[in-house]
Amino acid sequence: HPPSSKSEQESDDNEDPELVLLRELVTSKLEEHCTTYLTPVTWLILEDKVYEIRRRSDNKIVSFEEIVTVGREKCSMKSRSEVSDALSYLHNFSVVVHFAKCPTLQHVVFIDAPWVYTTLSRLNPNCVLDLPAILYPALDKLHEEGIMSHQLANHLLPSITNEERT
């Protein structure tokens, strides 16, 4: 937009050239992304179906196979690959959490992303205030090696470890 006043014109003239370049780059990338990225309708239908599953069930985790079935039967998706692409899209927009590249977790889809984030935040060492001293070594192993003992999981995540395992 053209400057509306003399003071605005003067501030534009004195603006850091790197800031101007950065602003132009960000604007061009936003315009490029917003005008060239199309979302298939089937992906949006899958999003609606995920919300429907979440509303009608207490489950926060469903199998990848269940999502594939929903995608193919209720969203007119043609292949598992299309469902995977849609899940990646939904993951990127925090609708679901799906670790497609993690062999241990790729078979499950967390359909309640806020619940996952809240649960995982409990593993932050700065948030673990009520941890018995006997579990400190297990917490260290979790943070250093990424391995959680059953005892630590039972203490930090009782709502998960007491639910039926998927």
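**Fold order.** I read the chain of this predicted model from its start and noted the pattern α-α-α-β-α-α-β-α-α-α-α along the sequence. My tally of the secondary structure comes to nine helices and two strands.

**Burial and surface.** I then looked up how much of the chain is covered, and found that 28% of its 166 residues count as buried. The area that the chain exposes is about 11,500 Å², and carbon and sulfur atoms supply 55% of it. For the contacts I kept to residues at least 6 apart in sequence, and of these contacts 49% join residues at least 24 apart.

**Helix α6.** Which residues of helix α6, residues 113–121, are buried? I listed A113, W115, V116 and T119. Looking down the axis of α6, I found these buried residues within an arc of 160 degrees, so they line one face of the helix.

**Salt bridges.** I counted how many salt bridges the structure holds, and the number is four; I followed up three pairs, among them R54 with D112.

The side chains of R54 and D112 meet at 3.5 Å, taken from N to O. R54 belongs to helix α3, while D112 sits in the loop between β2 (108–110) and α6, so this pair ties together parts that are 58 residues apart in sequence. I checked the cover of each partner as well: R54 has a relative accessible area of 22% and is partly exposed, whereas D112, at 16% relative accessibility, counts as buried.

For R80 and E65 I noted a salt bridge in which the closest N and O atoms are 2.8 Å apart. Since R80 lies in helix α5 (residues 80–92) and E65 in helix α4 (residues 64–74), the pair ties together parts that are 15 residues apart in sequence. R80 counts as partly exposed at 39% relative accessibility, and E65 counts as partly exposed at 42%.

For R23 and E15 I again wrote down a salt bridge, with 2.8 Å between the closest N and O atoms. R23 is partly exposed at 43% relative accessibility, and E15 is partly exposed with a relative accessible area of 21%; I noted that the limit for buried is under 20%, so E15 at 21% does not come under it.

**E47, a charged residue under cover.** I looked next at E47, which I placed in helix α3, residues 41–56. What is the nearest side chain of opposite charge to the buried E47? I found that this is R54, at 7.6 Å, and that E47 has no salt bridge. As a salt bridge needs the nitrogen and the carboxyl oxygen within 4 Å, the distance of 7.6 Å from E47 to R54 does not qualify. R54 is instead paired with D112, as entered above. Leaving aside the neighbours of E47 within four places in sequence, I found E47 in contact with L90 and V95.

**Nonpolar surface patch.** Lastly I searched the surface for nonpolar side chains that come together, and entered a patch of about 440 Å² made by L19, L22, L25, V26 and L30. I took L22 as the member to check further, and found this residue in helix α2, which covers residues 17–36. Is L22 buried or partly exposed? At 47% relative accessibility, L22 counts as partly exposed, because the term exposed is kept for values over 50%.

Methods. Residues numbered from 1 in each chain as written. Predicted model: local features only at pLDDT ≥ 70, side-chain atom pairs only at ≥ 80, totals over all residues. Heavy atoms only, no water. Patch = residues over 30% accessible without salt bridge, like charges linked within 9 Å, V, L, I, M, F, W, Y side chains within 5 Å. Areas by Shrake-Rupley, 256 points an atom, 1.4 Å probe, with all protein chains shown as cover. Helix = DSSP H or I, 4+ residues; strand = E, 2+ residues; numbered from the N terminus. Buried < 20%, exposed > 50% of the residue type's maximum accessible area, 1.4 Å probe, protein only. Contact = heavy atoms within 4.5 Å. Arc of directions from axis to C-beta. Lys, Arg positive; Asp, Glu negative; His and termini not counted.
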